[in-house]
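User: Hey, can you walk me through this structure? I'm new to this, so plain words please.

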Amino acid sequence: MNDAVFVLTLAAAVGAAVPIALAALGELLAETSGVLNLGVEGMMLIGAVMAFQVGDASGSLWLALVVGGLAGALFSAIHAVLCVTLRANQIVSGLALVIFGTGLSTFIGKSIEGKPLDTDFTPIRWGFLADIPVLGPVLFDQDPMVYATIAIALVITFYLNRTKAGLAVRAVGESPGTADTMGVAVAAIRYVHVMLGGLLAGMAGAYLVLGQVPSWSQDGTTAGIGWIALALVVFASWRPLRVLLGAFLFGFARRANFWLQGEDWAPDIPAEFLSMLPYLLTIAVLVVWGSRDLRRRIGAPSALGVAYDRDER
Amino acid sequence: MIRIRLERRLERHWWQTVLTPTLSVLAAFAAGAIFLAIKGFDPITVYRELFKASFTSTYGITDSLTIAVPLILTGLAAAVVFRMNLFNIGAEGQLYLGAIFGSWAGLALTDGLPTILGVAVVLIAGAVGGALWAAPAAVFKAYFGTSEIISTLMLTFIALYLMRYLIFGSNSYWRDPESANFPQGKKIPTSARFELFSDTRLHWGLAFAIAIALLIWVLIRFTSLGFDMNVVGSSDSAARYAGIPVRRTVIIALLISGALGGLAGATEVAGRAYALDPNGLELGLGFTGIVVAALARYNPFAIILVATFLGGLRNAGVALQGLPGDRVPVEVSLMLQGAILLFAIGGEIFSHHRLSISRANPAVVT
């Protein structure tokens, strides 16, 4: 067995997990407040194309990341207006967001398609920790966004479970009518969390073009990661730390071809079939974790996907 | 203090159903104009050329109708299940499978058959392929409650790689052995091809797609299956109480939807590509079907009209490439489609709600 390649694959899987995890954490925030946003893929594309342009023009990765995030947040506001204020069908609105995001981002990005970006995130080496076999390269020699993502997951866990504001968010997702009676601003909370979701999705897209594949192409950049992130939220039963774990699993599925193609024992599997892996894994995960009965037990927000209308309380 | 709120309309007028989609199209064009202007194009010129390219000349109109053929079918694929609150968004993948099955049948079974039979074989095989591809999502949905939204989409990605493998990744039965450097699909015999209308690119698939739209209308309005589908769509528990087999209805509906997506792929093979051609099929026709269905409010006849309109929009995207000067990206039509859909969804609420603006006394708490 080729150990070096396997360790490299594991390390690459951590990087590949970052955009999946960021997008899924964002979706988790929106869903916890009761709004299902299927538009993750569209928000990621908008974040990616804006970040690429800013990164290309300014050379600053961090500025590009922030702009990508803000673009995603702004874009997600469309969904908030449609679903929270105009009480549109959240599923159809989310789909529309993907279609519009795909078209708009390709239109904006036409002139930069295929152009390389020569900046990249510099990995942080954690001193002697980085020299530990296997664990070192996998955990202690990664770029800053890896650690930022872990920190974001920790902050969200604390926010939702230990703060008063987080409790209000969960109340809005479980029973908006009750929350409204208690004086919680249902619509405002939903707007904020849909847009926080957009912010993280935009950053996920930005990280893809800045750190993972340093160039922009509409069909190659996201390649369905936004949809995988949606499945991941269910798989993680709406718990941020499990999102990290699941994202690593999907990241590994996305990078496993490097490893399998170099192995003697592995059968000669065509590249196209290896590319199917993450999608097959998503279906398998959904069938097991996404079943109706289990969903209720593992803590899906009760009011998920339902518009709140005070007149019909 | 001025209060603006949404109030339920007490009466609905017939013109509101026409007004909302029309206004959303206009609003989307206005929004699109802003983006075009930002990118340095003159919106009025672009829109004028767009309209001219698709809807004024004979070739423009027939080309628009040619693209409308698969769009009618993918639009129906979405409409049949969306109206039941079942969201098969994988018509794209079902279309690929329809093309794979259809081109196989065309290559293997139709040599020497009369054209009408040969085309029928291709279409039936395509429908079977599409339905098979929807089957896992249907069964998982009916028995485990697995979200069909995500599963049908994941199956689309798998279908995409499968199709690429058959042409680019292997010496499969579908691949033309003569095409070593630029892999292409093997052409199906003329007996498996739709006939063309005189010297245009438009083929008899248009008549077929319209007939299918009629069939779906009959299915929804006049059959007991259509009735069951309506009841399951409005309420699971009511359906169960009425003794309607919910699982079976869900599965059948998703299989019909998949078959329609497959038919779209088969008509593309029999009418336009004459082979399994990944480059010519990866056009997002399945995804556009969702826009078609939503704009047509899931009405089969409206789908024919909307598909023609969006077909023209897409056709224009390509035609605009031929204009002198700076090139308008083809994607302008995709952007417009998304914007139209967003405005249509936003406008939907105004067909049963109205804005009421009033001066409210802040002292009165409602």
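User: How many residues does each chain put into the contact?
Analyst: Chain B puts in 38 residues and chain A puts in 37 residues. Two residues are in contact if their C-beta atoms, placed from the backbone, lie within 7 Å.

User: Which elements of chain B give two or more residues to that side?
Analyst: They are helix 5 (115-144), helix 6 (148-169), helix 12 (285-295) and helix 14 (332-348) of chain B. Helices here are DSSP runs of H or I with at least four residues, strands are E runs of at least two, and both are numbered from the N terminus.

User: And how do the residues on that side divide into nonpolar, polar and charged?
Analyst: The side of chain B that touches chain A has 26 nonpolar, nine polar and three charged residues. Ala, Val, Leu, Ile, Met, Phe, Trp, Tyr, Cys and Pro count as nonpolar, Asp, Glu, Lys and Arg as charged, and the others, Gly among them, as polar.

User: Is this a predicted model, and what are the ground rules?
Analyst: It's a predicted model: local features need pLDDT of at least 70, side-chain atom pairs count only at pLDDT 80 or more, and totals for chains, interfaces and linings use all residues. Residues are numbered from 1 along each chain as its sequence is written, while chains are lettered from A and ligands numbered from 1 in the order in which they are written.

User: What pLDDT does chain B average?
Analyst: Chain B averages 86, and 93% of its residues score at least 70. pLDDT is the predictor's confidence in each residue, from 0 to 100. The model also scores ipTM 0.84 and pTM 0.85.

User: New topic: how many helices and strands does chain A have?
Analyst: Chain A comes to 15 helices and two strands, and chain B has 14 helices and two strands.

User: What share of each chain is buried?
Analyst: For chain B, 51% of the 366 residues count as buried; for chain A, 53% of the 313 residues do. Buried means 20 or more other C-beta atoms within 10 Å of the residue's own, exposed means 12 or fewer, and partly exposed is in between, with C-beta atoms placed from the backbone.

User: So is A:Val134 buried or exposed?
Analyst: A:Val134 counts as exposed, because it has 12 C-beta neighbours inside 10 Å. A:Val134 lies in the loop between strand 1 (124-125) and helix 5 (135-139) of chain A.
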